[in-house]
Amino acid sequence: MAGGGGVSPLGLAPPLWYHRDLSRAAAEELLARAGRDGSFLVRDSESVNGAYALCVLFQKHVHTYRILPDDEGFLAVQGVQPKRFKTLPELVLLYLQPSQGLVTTLLYTVDREETSSEERDYSDGEDEKPPLPPRSASTSTSTGPDTPTESIPPAAANGLSTISHEYLKGSYALDLEAVKQGASSLPHLNKTLVSSCKRLNGEVDKVLSGLEILSKVFDQQSAFMVSKMIQQSVNQGGDQELENLVTKLAILKDLLSSIEKKALKALQDMSLSSPSSPPPLSTRHSKAIPVQAFEVKLDVYLADLTKIGKSQKHTLSVDVEGGRLVVMKKMKDSQEDWNTFTHEKIRQLIKSQRVQNKLGIVFEKEKDKSQRKDFIFASAKKREAFCQLLQLMKNKHSNQDEPDMISIFIGTWNMGSVPSPKSVASWVLCRGLGKTLDEMTVTIPHDLYVFGTQENSVCDREWVESLRMALKEQTELDYKPIAVQTLWNIKIAVLVKPDHENRISHVGVSSVKTGIANTLGNKGAVGVSFMFNGTSFGFVNCHLTSGNEKIARRNQNYLDILRLLSLGDKQLNSFDISLRFTHIFWLGDLNYRLDMDIQEILNYINRKEFDPLLKVDQLNLEREKNKVFLRFAEEEISFPPTYRYERGSRDTYVWQKQKATGMRTNVPSWCDRILWKSYPETHIVCNSYGCTDDIVTSDHSPVFATYEVGVTSQFVSKKGLPKSSEQAYIEFESIEAIVKTASRTKFFIEFYSTCLEEFKKSYENDSQNSDNVNFLRVGWSNKQLTTLKPLLSEIEYLQDQHLLLTVKSLDGYESYGECVLALKSMIGSTAQQFHTYLSHRGEETGNIRGSMRVRVPAERMGTRERLYEWISVDKDESGGPKGRTTLPPRPGGHDYVKPSLTRKQVGAELGKVSEEGEKSGKEDTTARMKQPDSDDPSSCKNSYNNPAYYILEGVPNQSAAALSPELLPSSASSSASQAGKAPLQAGARTKPLPGSSSQQRRHTSGQPVRTISEEGSSEDDVGAAAVGGGATLNRPPPDFPPPPLPKAALETADPKPRPLYPDMAEVRIPSANPSPSFVLGEGFRRGGAGALDDQSCSVLQMAKTLSESEFPPQPPRAPSAPPHHLRGQGAGLGLGDACRTFPPRAPLPESIAEDLPEEALWGSSSSSLSVGESSVGEWLQRLGLERYEEGLLHNGWDDLEFLSDITEEDLEEAGVLDPAHKRILLENLRLQQPQK
């Protein structure tokens, strides 16, 4: 970017109207605050390096002009009369004069806020001065704003001596001033040296590239470093460029001096050795996994007890190596009866959502016949271990060449600037506190190991070698390092199982400094990215600013890293790194603290009560406010704070330190964290998240996490490239976006995907309107949108593909928001709806929705079931044989969940669609529109104007409330609940899944996964209804103050029909209410453990709600009750305890059933419930027993049609303990039987 780094392109004292790398959104906010026509500022362009953006306020709108340099370095304003200027101040000076072609004369400067010199930010207050960087040359590639090469005058133009002369004449004074202030580097001298050596750098790169192959053949030891330096040279910049050059020269010297000797020795060895070839990779096995036995009980129904007898004890023995499962039944007199099932005879594992230690196994008995048996394990942990072993067995004996799923270990540890102990076995084996692996599976090797460390004083080579030795000791495998990256003492190392080494490609590394003035590397981040076959991965290890009170600085550190870390596909530079990868993991010492009195913290820790502490955890609170880690997920924390321990012990927290400035307090905190973010409709499950309790050399405990991740292969079409008749198409019917901007320019959309040959652009939007100066609604009709042609047309390939969208302006070609869509649920003969959020530079900037379809020719419909789809979750546990609905095997797994078919079912259904053509399409449309009330567009609320956005900026999300389904546009509701399903009969109903949100909360883990999804319509890869357990966020205390509501508009309009896309002029702010609850449309919901259900009510959600003009009266929902139509479909849309509908109803006085007419008990109809109404709640209200609504809904009894199945025991479980009340409820249900 222009103006980056230590030297401003505008001299020693740049004008105050120049804001350097200010974001577009922040610039608009500053101008809006200024409020006067003619207010202006200049910032760096976000789209072109070396260019600027002139932002001018006129009539409350922000107009942006690009200032571009030409080949000679002269500047000109794009789109205005062609005048060229040597400097930016000269250009601005001209446009301060009237009638120069701008929308208005530049009148008032909007000055940047001068930041005071930053306070010292050392390592957690332990050191008086910042630690020195390691003596060995740093391997970081700085991509920050430090002296970009674009702003360096070309050496060839003025001669090398001129560059040096210019430094001695002026810039050295800046270095002198920096040294006086304590700096330990000379950025301006470094820039001079880099410019002087630029040509040499290029020549060295050419030589190294030429010798790379030779080094791989004859000198593997140096080959790794050669390859690494070549990769780094592509993106190097800033003050690290010179260090990299010195390192490359040293490597080149060593290589040239030794390559001939090493080649000679290698050839001599080959001539003397026997001709037998080395064993292939596949024969390098880790130590054999022993047969594991599980003691279980057969789960039977009461009616079957007489047939089976009383003894139900069984032993399940898993032979991973042999591919067998032995089911042994213990008989009388010590006799045993057993059956052996080979791996291909085990058809499916079905996990119980309600009973966490229960598992159903479907065995193949004869051809096309199967038998299911349910077993109760000793604990939920044992059940998970059994499932892992069976998955491993399936994978080991699969006939697939490439894996569908891999296991990843991630560890983070602040080492406290001392070497690690001799053994770190507990870290790599995930032993200790929190969610740990069962002992039966703890030694199974993972496919990838990622180690992130901070304050690590060990040199790179020694550190990597110690990790390899530790892994070899535990797994007997020789793991291969694929990437190591270092910034001072922040390191990340990635090691891969030898079998997978050839599956890794496109390795990239980068680093960003966020220390003092963003020039010191004692704080910052290092990152690694690569492809595993067809799946992209990113890993970021960071060390953020320390100090209890420095929350804003930590937030800014995160945003800087997100923006400046250069990883992944360079074609995706419009997207921040959280959208460039299928899966990105963010780990490190994030340094967020607990906002609570130290004594209270210690008391809670002693009692092992972590929930109250998690509610005041700064990271949780900042995520709730959407300040950082937008839609990232974190597994439940069930281990004590990992900082700040007394070294040598884990029994005592040391929270006070005497400093020269006084006593410093460091409260115990969860500083060390691991979060992740994944594309929609992908498979990821967190199997463990905890910390060690026996590594005591540092004041931090090492933290570990393991993940089960679905991966795709490098797809090879068996039918070759598609002919024109067999070509798949991605077609858009329309797209509409709301962007947070005061600009009124035109916009276009860019589409990126690995399934496209190159990125594609739409035409400019053909509709645009707004009633609010801070928001703009733009739309594209079908004729403005490009039809996209994927490279391959197979459904198996397209189901794994994603489409990245960025909304860009025509005036500055800058992005106003980006998002990602999964193609999987868009496949079909009819258009599907999508609705998701736009974000830019880590901040939410709007939302986007539309209608699209992916047409796949019938000849390309073949697909197969993935390994991770083999485990499912029970649909119905009320009795009888269970149906199948696949779900990820563990809570916390998946950000995006949507009711869907499995891959096999999708293929079959889509085959029918293709054959039946329009008929099937019509049925599908009908089925999707059968959502209650959603088939009438006139009844849908669809205002997207958000007048309250700025008022509510930063308000904690939990103060917003339940998502009111009656506000859903039909597009959003049909997409969220039906996209991807097979056609249903009109009026067809399904019983609520135990996997839907109320059942998710029955997971044994007390606190669910923190996750926020990218896409409004979501789905799990395995066709899941929910993700075992983890949907809600760790919320702040429930009494957190709600945001202020506007005092205007205190009356609610009567409900009336309105068009699907109302004019913005119709929109009014709804009535205010003292309740801290708002109605929010489902489309504005964030994901949870899968999708729309993270309970995070964003600013956009609240603002949308406040802009709605009509509210039909409706009763409140119980705190944990999701909308019926969504739970009934198994969409996994849980609602937070803080969420209630608004306005609340007045409770009716208690009465007994006999006093009410019969029609009052049931209403006029028992047909499908209307959207947003709780029929169970109304029924209880009429009975005067509304106090039981929450308990019934929490236990899944949210539908009157299925209440006839309820028993007295079920009522007691739901909290109905009064015998008279139980009798009233059961009697009324019995009376209604004939009506149903």
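This report describes aromatic pairs, charges over rings, one helix and one strand residue in a predicted model.

**Aromatic pairs**

A pair of aromatic rings is described by the distance of the centres and the angle of the planes. Counted in this way, with ring centres required to lie within 6.5 Å, the model holds 32 aromatic pairs. One of them joins F377 and F386, whose ring centres are 5.2 Å apart and whose planes meet at 50°, which makes the pair tilted. F377 counts as buried because its relative accessibility is 3%, and a value under 20% is what buried means here. F386 is likewise buried, with a relative accessible area of 0%.

A second pair is formed by W413 and W427, and its planes stand at 75°, so the pair is edge-to-face. The two pairs can be set side by side in a table.

| Pair | Centre to centre | Angle between planes | Kind |
|---|---|---|---|
| F377 and F386 | 5.2 Å | 50° | tilted |
| W413 and W427 | 5.6 Å | 75° | edge-to-face |

The pair of W413 and W427 links distant parts of the chain, since W413 lies in strand β13 (residues 405-414) while W427 lies in helix α11 (residues 425-428), 14 residues apart. Both of these tryptophans are buried, and they belong to one aromatic cluster together with F409, Y449, F451 and Y479.

**Charges over rings**

Aromatic rings also meet charged side chains in this model. R24 lies over the face of Y816, at 3.6 Å from the ring centre, and the charged end of K761 is placed over the ring of F748, at 4.9 Å from its centre.

**Helix α10**

Helix α10 covers residues 380-396, which is 17 residues, and from its first C-alpha to its last it reaches 24 Å, close to the 24 Å expected at 1.5 Å a residue. Which residues of α10 are buried? They are R383, E384, A385, F386, C387, Q388, L389, L390, Q391, M393 and K394, a list that includes F386, the partner of F377 in the tilted pair described above.

**Residue T806**

T806 is found in strand β33, which spans residues 802-809. Is T806 buried or exposed? Its relative accessible area is 0%, and therefore T806 is buried. The side chain of T806 makes a polar contact of 2.9 Å with the side chain of S815. Leaving aside residues up to four places away in sequence, T806 touches S574, F575, F748, I749, E750, Y752, S815, G817 and E818. Among these neighbours is F748, the residue whose ring lies under the charged end of K761.

Key:
Residues numbered from 1 in each chain as written. Predicted model: local features only at pLDDT ≥ 70, side-chain atom pairs only at ≥ 80, totals over all residues. Heavy atoms only, no water. Phe/Tyr/Trp six-rings, centres within 6.5 Å; stacked < 30°, edge-to-face > 60°. Buried < 20%, exposed > 50% of the residue type's maximum accessible area, 1.4 Å probe, protein only. Helix = DSSP H or I, 4+ residues; strand = E, 2+ residues; numbered from the N terminus. Lys NZ or Arg CZ within 6 Å of the ring centre and 35° of its normal. Expected span 1.5 Å × (residues − 1). Polar contact = N/O pair within 3.5 Å; in protein donor to acceptor, adjacent residues only side chain to side chain. Contact = heavy atoms within 4.5 Å.
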